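Got the model open in your viewer? Keep the selection tool handy, and we'll go from stop to stop together.

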Amino acid sequence: SRGTHVPAFLISSITEKCNLFCHGCYARSNGICGSEESESRMLSSSEWGKIFAEAVYAGISFNILAGGEPFLRKDVIQVAAKQKKMIFGIFTNGTLLNNDYISLLLKSPNLVPILSLEGFREETDKRRGEGIYSKLNEVMRQLKSNNILYGASITVTSANMATVTSPSFLHGLKQAGCRLVFFVEYVPVETGTGHLALSAADT
């Protein structure tokens, strides 16, 4: 109705679970993400389907699926795929994107995976775990070879800002088929990491 404010997008945290233990993760530090999930707090896929339908009815056409690791909730991802009037940006660590998910993404262009990176191998593996960068490179290769639209989410710190904003890094992402880049400012949540936050001079 007239005068109703409709948000530009929705953020849906569809799971508390995550399969990685990234250094400086605000969700784990704040107790909203872990290796297990409380059944009493977890919405069913049908409940999420109703939320997605209500959002579309309200006029929202873009939904960020977050977690935890959203690809741990295949049931919800499958429900999202059926909601063709909404685009879902799935913010993911990328490690669970197997052939089954690739097949689903091929049939569902409204699902857009957004892979989390910290820079090149050294920066990414240091925060996310050894071998994650190689895994992401393989996932990006699969997505590109299948002409699947995908993006990258990059947490920017004082340590990696020069790298992740450099023309060579961004050109490399483009060559790998990445078509969207989200820069997320690092917020220190662990003792001793305050120096990684961007300063006024950095911005």
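**Stop 1: Ser44**

Select Ser44 to begin: this residue is partly exposed, with a relative accessible area of 29% (buried means under 20% relative accessible area, exposed over 50%, and partly exposed in between, using a 1.4 Å probe and protein chains only). You'll find Ser44 in the loop between helix H1 (26–29) and helix H2 (45–58). Helices here are DSSP runs of H or I with at least four residues, strands are DSSP runs of E with at least two, and the numbering goes from the N terminus. Now add Val76 to the selection: Ser44 and Val76 are 32 residues apart in sequence, and C-alpha to C-alpha they are 7.8 Å apart in space.

Before moving on, a word on what you're looking at: this is a predicted model, where local features need pLDDT of at least 70 and side-chain atom pairs count only at pLDDT 80 or more, while totals for chains, interfaces and linings use all residues. Residues are numbered from 1 along each chain as its sequence is written, and side-chain values use heavy atoms, with hydrogens and water left out.

**Stop 2: three helices**

Show H2 together with helix H3 (residues 74–82). The axes of H2 and H3 come within 9 Å and cross at roughly 30 degrees. Axes are lines fitted to C-alpha atoms, for helices over the stretch in contact, and angles run from 0 to 180 degrees between N-to-C directions. H2 passes H3 in a right-handed crossing; a crossing is right-handed if the near helix is turned clockwise from the far one by less than a right angle, and left-handed if anticlockwise. Turn on side chains for Ser45, Trp48, Gly49 and Phe52 in H2, which meet Asp75, Val76, Val79 and Ala80 in H3 (contact means heavy atoms within 4.5 Å).

Next, bring in helix H4 (residues 99–107). H3 and H4 have axes that come within 11 Å and cross at roughly 15 degrees, and they are therefore roughly parallel to each other. Angles under 35 degrees count as roughly parallel, over 145 as roughly antiparallel, 65 to 115 as roughly perpendicular, and the rest as oblique. This time the crossing of H3 past H4 is left-handed. On the H3 side the contact is made by Lys74, Ile77, Gln78 and Ala81, and on the H4 side by Asp100, Tyr101 and Leu104.

**Stop 3: the sheet**

Switch to the strands. In what order do the six strands of the open sheet stand? They run E1-E2-E3-E4-E5-E6, with parallel pairing (two strands pair if DSSP finds at least two bridges between them). Strand E1 (10–13) and strand E6 (180–185) are at the edges with a single partner strand each, so one side of each has no neighbour in the sheet. From one strand to the next, the twist averages 25 degrees.

Now select strand E4 (residues 111–117): seven of its seven residues are buried, so E4 is largely enclosed by the rest of the structure. Leu111, Pro113, Leu115 and Leu117 point one way, and Val112, Ile114 and Ser116 point the other way. Strand E3 (residues 87–92) runs parallel to E4, joined by five bridges, and Gly89 stands opposite Val112. Follow the chain from E3 through H4 to E4 and you trace a right-handed β-α-β crossover; right-handed means that, with the strands pointing away from the viewer, the path from the first strand over the helix to the second runs clockwise. With strand E5 (residues 151–156), E4 shares four bridges, again in parallel, and Leu115 has Ala152 as its bridge partner there.

**Stop 4: H5 and H6**

Pick out helix H5 (residues 121–128) and helix H6 (residues 132–145), whose axes come within 8 Å and cross at roughly 115 degrees. That makes H5 roughly perpendicular to H6. The buried residues of H5 are Thr124, Asp125, Arg127 and Arg128, and their cover includes E4, H6 and E5.

**Stop 5: two backbone oddities**

Most residues other than glycine have a negative phi, and most peptide bonds are trans. Zoom in on Asn147, which has a positive phi of about 55 degrees although it is not a glycine. Asn147 sits in the loop between H6 and E5, exposed at a relative accessible area of 73%. Finish at Gly67 and Gly68, joined by a cis peptide bond with omega about 10 degrees. Gly68 is in the loop between E2 and H3.
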